[in-house]
Amino acid sequence: MTVQDIRAFNRFYTGLIGALDYGRRLYAPYTLTESRVLYELAHAPSLDAADLRGLLGLDAGYLSRILNRFEEAGLIARGPSESDPRRRRVTLTEAGQETAALLDARAQDTIGALLDGVAPGDRSRLGEAMRTIQDILGEEKRPEGGVGLREPLPGELGWIVQRNAALYTAEHGWNAEYEGLVARIVADFAEDHDPHLERVWIAELAGRPVGCVMCVRDDAPGTARLRLLLVEPEARGHGVGDRLVRAVIDFARGAGYRDLVLWTNDVLSSARRLYLRHGFVLGTEKPHRSFGKDLVGQDWRLELHGPGD
């Protein structure tokens, strides 16, 4: 693999999807970047300008010009963020939602036409190749020694409870109510779970746990639930969260689940960006008083199998 190999692939793929003339490909007056901003706003209505910059890696001035254009066209509205009044929340208007839906439908049709030319037996190879590229290039530089994922050792289910309680108290001021919730989730798993359909992962670095996540059956048929994602502060920024979420997605897909859901709160901005990167879509939001704080709960969903899979 050389630099020339990667550049040649980039030229091939950008030409294949029409990235250099994206607006013409979708019959719309928007660039690829503008279309992506509309997409993110449509799938995560609680984003603010700072979230968009971090999620898409855009220059602040460039994003501001895009948002100004959208506001002048009546596609977005801006107002103070509910979680941080210093930030500006960006939401799609009715016209913006219609535009985003139209662009999404045209993009679906374009990619669908592309896949129509791929033999059924080659689709799984194509998907695996794409996931391999994401897994290898999507992670930031790992700490020396690397991070591994494994099943919990005896006593580490208790560690999950302890670290969740300690970290969320230290970082967000949550009270013992949250520790009780985590303890019940872990106890239910320990007492009764199907290892073919439910699993816990521990992320390990230098012989000690630095993160965890859980996949359990949801009440809805064909649905799995991601729970208790945690990464220790010293291990953040090294792709640990990405590996844990990817492990749950791959396991749930392999177990035959159709959907993967999770519940979180809007104050957990890093987790929200992580879920967005992996394709989760924000569903409902509901204010609530829990763990000693006024919070906004969020339900997220990822479709694991499309029609015909």
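**Before the close-ups.** A residue counts as buried when its relative accessible area is under 20%, as exposed over 50%, and as partly exposed in between (1.4 Å probe, protein chains only). Keep in mind that this is a predicted model: local features need pLDDT of at least 70 and side-chain atom pairs pLDDT 80 or more, while totals for chains, interfaces and linings use all residues. Residues are numbered from 1 along each chain as its sequence is written, and side-chain values use heavy atoms, with hydrogens and water left out.

**View 1. Glu 40 and Arg 36 pair up within helix 3.** Zoom in on helix 3, residues 32-43 (helices are DSSP runs of H or I, at least four residues, and strands are runs of E, at least two, all numbered from the N terminus). Here the side chains of Glu 40 and Arg 36 meet in a salt bridge, at 2.6 Å from N to O; the term means a side-chain nitrogen of Lys or Arg within 4 Å of a carboxyl oxygen of Asp or Glu. The partners are 4 residues apart in helix 3, so about one helical turn separates them. Glu 40 is buried, with just 3% relative accessible area, whereas Arg 36 is partly exposed at 41%. Counting up the whole structure gives 15 salt bridges.

**View 2. Helix 3 crosses helix 6.** Pull back a little from that pair, and the axis of helix 3 comes within 9 Å of the axis of helix 6, crossing at roughly 110°. Axes here are lines fitted to C-alpha atoms, for helices over the stretch in contact, with angles from 0 to 180 degrees between N-to-C directions. The two helices are therefore roughly perpendicular to each other; that label covers 65 to 115 degrees, under 35 is roughly parallel, over 145 roughly antiparallel, and the rest oblique. The crossing of helix 3 and helix 6 is left-handed, the term for a near helix turned anticlockwise from the far one by less than a right angle, with clockwise being right-handed.

**View 3. Helix 4 meets helix 5.** This one shows helix 4 (residues 49-56) and helix 5 (residues 60-72), whose axes come within 10 Å and cross at roughly 120°. That angle makes helix 4 oblique to helix 5. The crossing of helix 4 and helix 5 is right-handed.

**View 4. Nonpolar side chains gather in a surface patch.** The patch covers about 950 Å² and takes in Phe 9, Phe 12, Tyr 13, Leu 16, Ile 111, Leu 114, Leu 115, Leu 126, Met 130, Ile 133 and Leu 137. Helix 1 (3-16), helix 6 (94-116) and helix 7 (120-138) are the elements giving two or more residues to it. To join a nonpolar patch, a residue needs over 30% relative accessible area, no salt bridge, and a side chain (Val, Leu, Ile, Met, Phe, Trp or Tyr) within 5 Å of another. Leu 115, in helix 6, is partly exposed at 31%.

**View 5. Glu 285 and Arg 89 bridge distant parts of the chain.** Their side chains meet in a salt bridge, 3.6 Å from N to O. Glu 285 sits in strand 8 and Arg 89 in strand 2 (residues 88-92), 196 residues apart. Glu 285 is partly exposed at 30%, while Arg 89 is buried at 18%.

**View 6. More salt bridges.** Glu 71 pairs with Arg 78, their closest N and O atoms being 2.7 Å apart. Both ends count as partly exposed, Glu 71 at 35% and Arg 78 at 24%. Elsewhere, Arg 150, Glu 156 and Glu 204 are linked in a network of salt bridges.

**View 7. Leu 228 and Phe 291 have positive phi.** Most residues other than glycine have a negative phi. Leu 228, though not a glycine, has a positive phi of about 55°. You'll find Leu 228 in strand 6 (residues 223-231), and it is buried at 13% relative accessibility. Phe 291 has a positive phi too, near 60°. Look for Phe 291 in the loop between strand 8 (281-290) and strand 9 (293-303), where it is buried at 4%.

**View 8. Leu 304 follows strand 9.** Leu 304 lies in the segment after strand 9 and is buried, with a relative accessible area of 5%. Its C-alpha atom is 9.1 Å from that of Asp 250, a residue 54 positions away along the chain.

How values were computed: Patches are made of residues with over 30% relative accessible area and no salt bridge: like charges are joined within 9 Å, nonpolar side chains (Val, Leu, Ile, Met, Phe, Trp, Tyr) within 5 Å. Accessible areas come from the Shrake-Rupley method with a 1.4 Å probe; for residues, only the protein chains shown count as cover.
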